[in-house]
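Reader: Could you walk me through how a few labels for this model follow from their definitions?

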Amino acid sequence: LNAACDDDIEGTFEYSPAAHTILNAGEHELSVKFTPCDLFDYSVNEATVLINVLPRNLKFDLAQSVIVEPGSMLSIELLDIQRYDKIDSSFDCDPPLGTLLEADVQYEVSVTMNHTDSHNYSSTTKHITVKVSSAILPTICWSPPEHITYGTPLSDAQLNAYCAESIECTISYSHPIGTILDAGFHNLEAVLVPSNVHKYLHSTAQVRLIVDQLPVSLHWEEPQSMLVGTPLSSAQLNATCLDEVEGQFFYSHHQGAILDAGFHSLKVQFIPTDSVNYTTAECTVQLIIHQPRQLELLWNTPQTISFGTELSLSQLNAQCEEEIDGVYDYSPPFRSVLPAGEHILSVVFTPYDTFNYSQSRKIVNLSVSRAQTTISWSKPSSIPVGTPLTDSQLNARCNEEVDGTFEYSPPCGTLLPPGEATLTVYFLPSDATNFTSAVATVEIDIIPQLPLQLTWPEPEDLVYGVGLSTAQLNAECNRNDVDGEFEYNYLPGTILSSNVHILSVTFKPANVSQYSQVTASVQLRVLKAPTSLSWSNPPAIQ
């Protein structure tokens, strides 16, 4: 605003727009009004000019290059931009702000300063080289761990790697905490993952860990002394693994082995099924095989006994020569009944103290004679002559109730003559091996019978059709004092045919031992019965 009056007339200039007005970029008309001081002599005058307002270039300073650490973020502060105008502006970058810068990469960054009033301000662009240094490889510190035994889980005692640079990071292991490794050599690896993966590289480290086999412990108590001749069993071969590890026990002496008397060393080797992680183990115990002392038995040969005698203390009376308690086992046992003949009795003495004394045996001979049989036979009652011998007389019996056969002489059914007779019996036992035969006799009286006579008159003729009656059946005994029965060959009432018939009778006395039977007979003639005719006089005829 520098208008001037050519006539050097004093006055005032009034501009539009006024001084200090900030014009927007572009072409503008400026006007001025000159008011002279001497308005009387001079007139007011006006003039206009054109002015071109250019947009303002934004100014900032930027270094040609910067070196930054890997993982840095592209920012205004990182580029160290120096502004000269404190105006409302912004910066655009390529690559954009906020970009993470990778290690070992050189970035050509263009920075443009922009104003919100792009009409009045022009953007300014500058370039800078951003060099990113190499990423840092962290150092893992990890000392080789001490040996551990199988079954020990991995813990901080082994997995204790750490970063020497003390950066934020995560360390993971190839074998995590709690892992149980087999016995042997193992390479443990640690992987370090930094939180800032742009500045720091992943890092690994290895150490060797030796896992020793777990020693196996055996428990085997000293077995009790045992008697010679006793086979080895699980009572002696009973070693156990205290660690409850599966495996096999191999003994120096197998089950069933019989050892000699004396001291013996029993050995066992335990071989675990998992031979990788467990050691083999061995153990030794001492076993005493005891030889018990033999005892002498005293046993005299027993006297002969007869068949049927039960074995008792009279025969089974063996004794130990020493006062040692025990059990006597006889064969045959008590109360046995042996057959007649020669026998061997045996005994086995088992002492209660079988540890110090062994079983003893002894035998003796025993003779068993046949048992005597005896006969009981009472004298039979007298019988009348003519009475045959029956069981009533031949009734001998064996007192010992032994089965057998009785043979009589004379035999059953024999009729003996009057007088005194001798009856003999022979008893033959069925078991002739164990029983003797026997003989016995008795006397019997045969009473002679008194004779009787019958009187029976000849009966009168009988007409056919008339039955027999006491008129015909009327025999009488000559002894009225002898009771008995008359048995006729025809019963009363019988009607006989017309003919001559023989009537017979037997008188049987009631006392047959004193009287004998007597018979008699008579003839009876049966006449034909007469017939009668009925015939009335017939009527007259011509």
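Author: Gladly; what follows is a short exchange about a predicted model.

Reader: How do you know how the overall size of the protein sits against a compact globule?

Author: The rule is 2.2 Å times the number of residues to the power 0.38. For 542 residues that gives a radius of gyration near 24 Å, whereas the protein has 79 Å. The protein is therefore not at the value of the globule rule. Its C-alpha atoms fill a box of roughly 245 × 125 × 35 Å along the principal axes.

Reader: What makes a residue count as buried, and what share of the protein is that?

Author: Buried means under 20% relative accessible area. Of the 542 residues, 32% are buried. The protein exposes about 33800 Å², with 49% of that supplied by carbon and sulfur atoms.

Reader: Which secondary structure elements does the protein have?

Author: There are 41 strands and one helix. One open sheet has four strands in the order S31-S35-S34-S33, with mixed pairing.

Reader: Why are S31 and S33 called edge strands?

Author: Strand S31 (383-384) and strand S33 (404-409) each pair on one side only.

Reader: How do you know that S31 pairs with S35?

Author: Pairing needs at least two bridges. Two bridges join S31 to strand S35 (residues 438-447), so the pair meets the cut-off. The two strands run parallel, and isoleucine 383 has isoleucine 446 in S35 as its bridge partner.

Reader: What holds paired strands together in general?

Author: Strands of a sheet pair through backbone hydrogen bonds, parallel or antiparallel.

Methods: Residues numbered from 1 in each chain as written. Predicted model: local features only at pLDDT ≥ 70, side-chain atom pairs only at ≥ 80, totals over all residues. Heavy atoms only, no water. Buried < 20%, exposed > 50% of the residue type's maximum accessible area, 1.4 Å probe, protein only. Areas by Shrake-Rupley, 256 points an atom, 1.4 Å probe, with all protein chains shown as cover.
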